[in-house]
Each structure stands twice: as C-alpha cells, then as structure tokens.
Amino acid sequence: MLDIFVRDIIGTPSILIGIFVFIGLLLLKQPLTNILTGTIKTIMGFILLGAGAGIISGTLTIFNQMFTQAFGLQGVVTNTDAMGALTNEKYSTAAFILIFGMAVNLLIAKFTRFKYIYLTGHLTMYMSGMLAMIFSGVTPWLAVVIGAIILGAYMAIGPALIQKNTVLITDSDDFAIGHSGTVSYLLASKLGGLIGNKSKSTEDINVPKGLSFLRDSSIAISLTMTLLFVIVGFFAGPAYIETELSSGQFFVVFSLIQGITFAAGVYVVLAGVRMALTEIVPAFQGIADKVIVGAKPALDCPVVFPFAPNAVIIGFISSFLAGLLGMLLLSFSTLPVIVPGMTPHFFTGATAAIYGNSTGGRRGAVTGAVINGLIISILPAVFMAVVGGLSHNMTFGDPDFTVIGLFSELIAKLLN
C-alpha cells in the first residue's frame, strides 16, 4: 500500500496537484460540486499538458532529422512549454517544489517589501520541473527545499525588478508582470532609455491591417514553423524527406502538416495549462488574499499587449531575426546550434519591445527585442552545454529559465 501511495499518488504530478487543489478549495469552503469539478479539471489539464508535449516532441524529432541532414548540424529548438511538461512528467519532486515554492512566495510577500504573488502558474510549474531535473542527483528532500526557495524567491523578486517600467506602460500600480522574460525586459528598459526617445513611440506607426494576424500566436507559430520546415526541407532534399520521413508524401505538404502540428501541440499544452490553472489559481489566491495585506498579483505578459499592439509585431519580428543571427553565430562555435523557437520569440520578444518602447520609443523597442533574440539563442546553447536536459534536440528557451538554471546547476554541483 505504501508503494502504491509513493509511486502512483505522490509520484504522479497530476494526482498530487489535484490533491493540492482539493485541499485548497476545501479550506475555502467551496461547495462539494466546485471542489470535485476543480480537482477533476486540474488532473485533466495535466493530462492534456502531457499529450501536447508528446505532439511537440514528435514534430521536433522530425525537424531535427531534417536539420541534421540539411546542414550537418545538431539543431536544438527552444520550447519552454514542452520542456516544462516533460520534466514535470519525469520528476516527481517537481510537484513538491511547485507547492512549497508557492508557500515561499507567500512568506516573502507576507514578511518583506516584495509583496507580489506570482500567478502565472504554468511558468512556475515549468520552472519547478527544470529545478527538479537539475537537482535530480541530490537527496530528494534537499532538492525540494532548495528548489522551493529558489522558485519562491524568483516569484516574489522577479516582478519587483521591472515594476517601475510596468507602471510606466500601464499607468497603474495595481498589478505586476510575472513572466519568464524578466532578464530581457529589464535590459530592454535600461537600454531603451539610453539609446532611444520614448516620445517616438511604436504606437505612432500605422501598421498594415494585413499583418494583424501575427498577433494570434497560434497562427504566427504555424506559419513560421511551416516556413522553417519548408526551408530546411529544401536543403535536406525532397528525396530524403519523401523516402525517409514522409512515406512518399510531397515534402512541402509534409512540411505544412508538421508546422501546423507543432502549433497544435503548443495549443494543447496551453489549453491543458489553462484548464489546470483555472482551478489552481483560485485555490492559491483565495488563501493568499486572506493572509497578505497589500499584495499585488503578478500576471502573464500578454496583459501588457493591448498597451502597445504595434510593439508586439515589431518585437516578434525583430527577436526572430536576431534569433536567426544567433543561429548563424552558433554554427561557428562548439556550442549547440539553437534553432529559433517561435513561442519564446513571440512572447518574450513582443514584451521586450513593449518595455523598450516605454523608455526608448521605436529604437528602444527594436533594441530590446534584438537583445532578447540574442539572449534566447546564446544562453540556451550554454544551458545545453552545461546542464544538458531530457532531450538532445529541445531545451528551455525563456531568459529567466536559462539564468536561473545555470545558477541552480552551480549549486547542484557544489552539493554533489
């Protein structure tokens, strides 16, 4: 019975998080129907997360085969959603790091001036998986303690580092940004103020309505990944693809399907995360509201998109182009070659441009996004070389993950 409890309950993240939500809703004195609904949806969300990760992994495996055939290089794609899902599935300590990390966030918010409650739960979930992977060689209880402290400190301090500029963007101090691009947003804000002119805003530019579709991340990811598949397919050779990978299907059609399948995988992952977080966040926030006076919610980066929609498009394109430059530079090094991942370039690139625009206008927006594009190309390569990971063709992409990951790896080596 004890083996079943440890292996099948504690060792299954979806069940463990479901229990956490069950207890949280119970403490909030929710009706029984709400408690059961919340618990089941949380577990279902985690199952969707794993299914989406499997879809993404399958398309990336094919892309890596094409890339290797085309250029003789081992290409690595950055996708934090997929890596977070995989690490949460593999390492049971991730769920404990997540839960206790949330508790550390609450304690810091309660007793220090960093009164921010990090509510972008999917990123804390993914980071707990990364920390579980990095500390997997450490005694489990110690891995949970150290991982939770690192995660909780990041959740409270990260939003504070960019709050001054968040207020500048939103004209409000009612909420903060809790997102894994803090490093890029901070640099974008600083550099924008040094080299730009905030009076010349990106929002004064008339963007063609024909480009507005790029604001839909699913469409942007589908189109860009399809384009990447087709371009790499040309270099790999239609004959190779049609004989080795597509079972005779025309390579352009095959590339189209793979590109959209990748985006579908990301969509499924995010749908699963949203379903789980719809229940996790109230269970967590309801308790927090009762015990922490003056706390501010730290929310996902898209909440600032409406304040500078032109910067969103400029940031995505600028970051992606910088990612292509980073890929070229890495091809001449001994580090892994990072193929631009659409998810990090869209979300962190767009947001970095918004922060750069807040202090430096158009030049600040472009500079911030370009710096972000280089960061999420170079640092993941260093991360892969130093930390490694679950997959030889995929790694974490967001700036904060690589910075926190490299710092955590240093601690892990000191403990081993």
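Let's start with the pocket. The largest one in this structure has a volume of about 430 Å³. Keep in mind that this is a predicted model. What lines the pocket? There are 26 lining residues. Those nearest the centre are His122, Leu270, Arg274, Asp300 and Phe347. Several helices take part. Helix 4, helix 6 (121–134), helix 10, helix 12 and helix 14 each give two or more residues to the lining. Which element gives the largest share? That is helix 12, with nine residues.

Stay with helix 12 for a moment, and move to the nonpolar packing. Helix 12 covers residues 251–291. The largest nonpolar core has 82 residues. Helix 12 gives the most to this core, with 13 residues. So much for the contributor. Which members of the core touch the most other members? Those are Met130 and Leu131.

Take Met130 and look around. I leave aside its neighbours within four places in sequence. Met130 is then in contact with Thr87, Phe383, Phe396, Phe401, Ile404 and Gly405. Apart from the largest core lies another core, of 23 residues. Among its members are Tyr185, Ala220, Ala308 and Ala352.

Thr87 takes us to helix 4. This helix runs over residues 80–90. Is helix 4 enclosed or open? Eight of its 11 residues are buried, so helix 4 is largely enclosed by the rest of the structure. The buried residues are Thr80, Asp81, Ala82, Met83, Gly84, Ala85, Thr87 and Asn88. Thr87 is thus on that list, and Thr87 is also one of the contacts of Met130. Helix 4 also appears among the elements lining the largest pocket.

Next, the sheet. Three strands form an open sheet, in the order 5-1-6. The pairing is parallel. Which strands are at the edges? Strand 5 (337–339) and strand 6 (394–395) are, and each pairs on one side only.

Now look at strand 1, residues 75–78. With strand 6, strand 1 pairs in the parallel sense over two bridges. Thr78 stands opposite Thr395 in strand 6. With strand 5, strand 1 is joined by three bridges, and the two run parallel. There, Val76 stands opposite Ile338.

Are the faces of strand 1 covered or open? Both are covered. Gly75 and Val77 are buried on one side. Val76 and Thr78 are buried on the other.

On to a polar pair, Ser201 and Asn357. Ser201 sits in the loop between helix 9 (182–195) and helix 10 (217–236). Asn357 sits in helix 14, residues 342–386. Their side chains are joined by a polar contact of 3.4 Å.

Are the two partners buried or exposed? Ser201 has a relative accessible area of 15%, so it counts as buried. Asn357 has a relative accessible area of 9%, so it is buried as well.

What else do they touch? Again, residues up to four places away in sequence are not counted. Ser201 touches Asn357, Gly361 and Arg362. Asn357 touches Lys198, Ser201, Thr202, Ala308, Arg362, Gly364 and Ala365. Note that Arg362 is on the list for Ser201 and on the list for Asn357. Note Ala308 too: it touches Asn357, and Ala308 belongs to the core of 23 residues.

Last, two backbone details. Which residues other than glycine have a positive phi? One is Lys29, with a phi of about 60 degrees. Lys29 lies in the loop between helix 2 (13–27) and helix 3 (32–71). Another is Ser247, with phi near 55 degrees. Ser247 lies in the loop between helix 11 (238–245) and helix 12.

Are these two buried or exposed? Lys29 is exposed, with a relative accessible area of 76%. Ser247 is exposed too, and its relative accessible area is 76%.

To recap. The largest share of the pocket lining comes from helix 12, and helix 12 also gives the most to the largest core. Strand 1 has strand 5 and strand 6 as edge strands in its sheet. Ser201 and Asn357 make their polar contact while Ser201 is buried and Asn357 is buried.

Key
Residues numbered from 1 in each chain as written. Predicted model: local features only at pLDDT ≥ 70, side-chain atom pairs only at ≥ 80, totals over all residues. Heavy atoms only, no water. Helix = DSSP H or I, 4+ residues; strand = E, 2+ residues; numbered from the N terminus. Buried < 20%, exposed > 50% of the residue type's maximum accessible area, 1.4 Å probe, protein only. Polar contact = N/O pair within 3.5 Å; in protein donor to acceptor, adjacent residues only side chain to side chain. Contact = heavy atoms within 4.5 Å. Core = buried A, V, L, I, M, F, W, Y, C linked by side-chain atoms within 4.5 Å. Pairing = 2+ DSSP bridges. 1 Å grid on protein atoms, 1.4 Å probe; cavity = no way out; pocket = protein on both sides within 12 Å on 5 of 7 lines; lining within 4 Å. Points joined across faces, edges and corners; volume = space filled by probe spheres on them.
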